[in-house]
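The following exercises concern helix geometry, helix packing and residue burial. Each task is followed by a solution in steps.

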Amino acid sequence: MAALARTGGVTRRADARPQLVVPTTHEGAARLEAAHRTLLSDAERRAEPFLKTAYRFATAAYRGSGSTDAADRVATGLYVGNVVASLAAEGELDAVDAQIAVATLAQARGEPREAAAFDLYRMAVASPFLLELPPLVAAELQLKLLVQLGIASEISLWRGEGGNLDPFVVLGHGAESRRARATARAALRRGGTLSLVGGRALRSVVVRRFTEPCAAIVARVQAPVDRVDAFLTVAAQALTPVLERELLLERSAERERILVSAGEQRLMRIGFDLHDGAIQDVLALGADITHLRDQIYPFIVDSHRDRAAGRFDDLLARVVELDRQLRELSRSLESRSIVSRPLGEILHREVDAFIERSGIDATLEIRGDPESLTSAQRIAVYRAIQESLSNVKEHSGASTVEIRLRMRRSSIEVRVVDDGQGFEVGRALARAAQRGRLGIVGIGERVRMLGGSFEIDSAPGGPTMLTFALPRVVPDDR
Ligand SMILES: Nc1ncnc2c1ncn2[C@@H]1O[C@H](COP(=O)(O)OP(=O)(O)OP(=O)(O)O)[C@@H](O)[C@H]1O
Ligand SMILES: [Mg+2]
């Protein structure tokens, strides 16, 4: 549903919207203001935050580029481009919105729609709102905009070498056809633009990495060919950094897998050592105590028997508890189950065990589908929450803790907040490190290894809030 046209259930067409009036004499950012007012007046409530963010951005650009009429034009283009990009990034943009954005920009700057559409596309595909998304999602949105702007009816992006071409993005019925594949292959071989005559035309353009062709866009034409070619050229340039990032992610994913598996293997070893060493010793200790009890029982005088039996029962109960704790620890060190079982399930289990162990009230909220995380991300999220909870139990004196896991389009966010006594972060971490205590440092390292950011916010008196975010490398299903 269109986010930029709120008309009581009926979507008003872009053409039928009220005319936008821009004052003729230049006064401040008149075009930008007019464009922002028109979009705001007709937008759905959910679109408002995006309009306001883009407006703040554009106002800064207006001032920064000299506060003249020319600056106003630049800022208006940037504004509409960022509105389109941010709505697209949230999955809130449809073709009607794209047309409304074009009409608004054209009216605000008093220029033909073709010029406005081209500039808008240029701005939108270079917008940070799009580029911060996982590469596959960014590429798809960049190309989808060509369909929404009425430039192409079908579009595909092909990657690969020699005979092996893979469709990286496919939009529209038949976009993956044999003819599209052949067109992409021919474009990559020749390294230029070509058209296939016959039926409706397909146009193609190559995306270059440095100077070498690395991918090809194939589009089924829906506008005059010159226009299509111009848009495709912009698309190809905008895709270069996106594909480059995809390549880097693939490489670092490989490195990350190696690092993570080395770390996890070490933990697993400790788990096994615990199981084969300490846990077996505890079992033997239990057996010895029982044996001792049976041996000395006959020699205890009647009047002391009950007390002695009670003491032995206490000792045995403590051994059983120690055994349970060590087993739980040993199990939690094993990462295979973290990867193979649903993350939501193991986190809930961890939190339940924490409540039982600590008597602290804990809540876990998961928004979005956590199953779209990579293995390394799942392990990092699980271990970080595990360590945070262990800190809450050991150091905070809290009565409640809230854990929240949130899947966003471009990131995965985790927050753990406790209402305990808090601490002076810098000092405590330095002291902990001197004693070889590396819980929090370890969380930070794991998160950074996956390209994320980590923060811990606390002060004496509390509360303590630990947050971290990991970049999404796999798109979710939204
Ligand atoms: N939730 C919290 N509330 C209060 N203090 C905390 C909290 N989390 C951590 N701290 C303080 O920060 C210090 C460092 O924590 P960190 O997890 O790095 O080490 P540790 O828990 O002492 O040892 P380890 O985790 O290696 O067993 C702790 O010793 C404690 O003083
Ligand atoms: Mg700790």
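The exercises below refer to this predicted model.

**Exercise 1. Overall composition**

Determine how many helices and strands the chain has, and what share of its residues count as buried.

Solution. The secondary structure comprises 16 helices and 10 strands. Of the 478 residues in the chain, 36% count as buried. As for contacts with a separation of 6 or more, 66% of them join residues 24 or more positions apart.

**Exercise 2. Span and burial of H5 and H10**

Compare the expected span of helix H5 (residues 113-125) with the distance between its end C-alpha atoms, and do likewise for helix H10 (residues 278-296). Then examine the burial of each helix.

Solution.
Step 1. H5 has 13 residues, and at 1.5 Å a residue it should span 18 Å. Its end C-alpha atoms lie 18 Å apart, in agreement with the expectation.
Step 2. H10 has 19 residues and should span 27 Å; the distance between its end C-alpha atoms is 27 Å, which agrees.
Step 3. The buried residues of H5 include Ala116, Ala117, Leu120, Tyr121, Met123 and Ala124. Asp119 and Val125 are buried as well.
Step 4. H10, by contrast, is hardly covered, with a count of 0 buried residues among its 19.

**Exercise 3. The partners of H3**

Classify the packing of helix H3 (residues 69-89) against H5, against H4 and against H2, and list the residues in contact.

Solution.
Step 1. The axes of H3 and H5 are 8 Å apart and the helices pack at about 60°. H3 is therefore oblique to H5. H3 passes H5 in a right-handed crossing. On the H3 side the contact uses Gly77, Leu78, Val80, Gly81, Val84 and Ala85, and on the H5 side Asp119, Leu120, Met123 and Ala124. By class, these are 7 nonpolar, 2 polar and 1 charged residues.
Step 2. For H3 and H4, the angle is about 175° and the axes are 10 Å apart. The two helices are therefore roughly antiparallel. Arg73, Thr76, Gly77, Val80, Val83, Val84 and Leu87 of H3 meet Asp97, Ala98, Ala101, Thr104, Leu105, Ala108 and Arg109 of H4. This contact has 8 nonpolar, 3 polar and 3 charged residues.
Step 3. Helix H2 (residues 48-64) and H3 cross at roughly 150°, their axes coming within 8 Å. An angle over 145 degrees counts as roughly antiparallel, so H2 is roughly antiparallel to H3. The crossing is right-handed. Among the H2 residues in the contact are Phe50, Leu51, Tyr55, Phe57 and Tyr62, which meet H3 residues including Val74, Leu78, Tyr79 and Leu87. The contact of H2 with H3 divides into 15 nonpolar, 3 polar and 1 charged residues.

**Exercise 4. Two residues in their surroundings**

Decide whether Glu90 and Ile385 are buried or partly exposed, and place each in the chain.

Solution.
Step 1. Glu90 lies in the loop between H3 and helix H4 (95-109). It has 17 C-beta neighbours inside 10 Å and therefore counts as partly exposed, since a buried residue needs 20 or more. The C-alpha atoms of Glu90 and Leu130, 40 residues apart along the chain, are separated by 9.5 Å.
Step 2. Ile385 belongs to helix H14 (residues 375-396). Because 22 other C-beta atoms lie within 10 Å, Ile385 is buried.
Step 3. Leaving aside residues up to four places away in sequence, Ile385 touches Leu347, Glu350, Ile403, Val414 and Val416. Ile385 and Leu405, 20 residues apart in sequence, are 9.8 Å apart in space, C-alpha to C-alpha.

Notes
Residues are numbered from 1 along each chain as its sequence is written. Chains are lettered from A and ligands numbered from 1 in the order in which they are written. This is a predicted model: local features need pLDDT of at least 70, side-chain atom pairs count only at pLDDT 80 or more; totals for chains, interfaces and linings use all residues. Helices (H or I, at least four residues) and strands (E, at least two) are DSSP runs, numbered from the N terminus. The expected span of a helix is 1.5 Å times one less than its number of residues. A residue is buried if 20 or more other C-beta atoms lie within 10 Å of its own, exposed if 12 or fewer, and partly exposed in between; C-beta atoms are placed from the backbone. Axes are lines fitted to C-alpha atoms, for helices over the stretch in contact, and angles run from 0 to 180 degrees between N-to-C directions. Angles under 35 degrees count as roughly parallel, over 145 as roughly antiparallel, 65 to 115 as roughly perpendicular and the rest as oblique. A crossing is left-handed if the near helix is turned anticlockwise from the far one by less than a right angle, and right-handed if clockwise. Two residues are in contact if their C-beta atoms, placed from the backbone, lie within 7 Å. Ala, Val, Leu, Ile, Met, Phe, Trp, Tyr, Cys and Pro count as nonpolar, Asp, Glu, Lys and Arg as charged, and the others, Gly among them, as polar.
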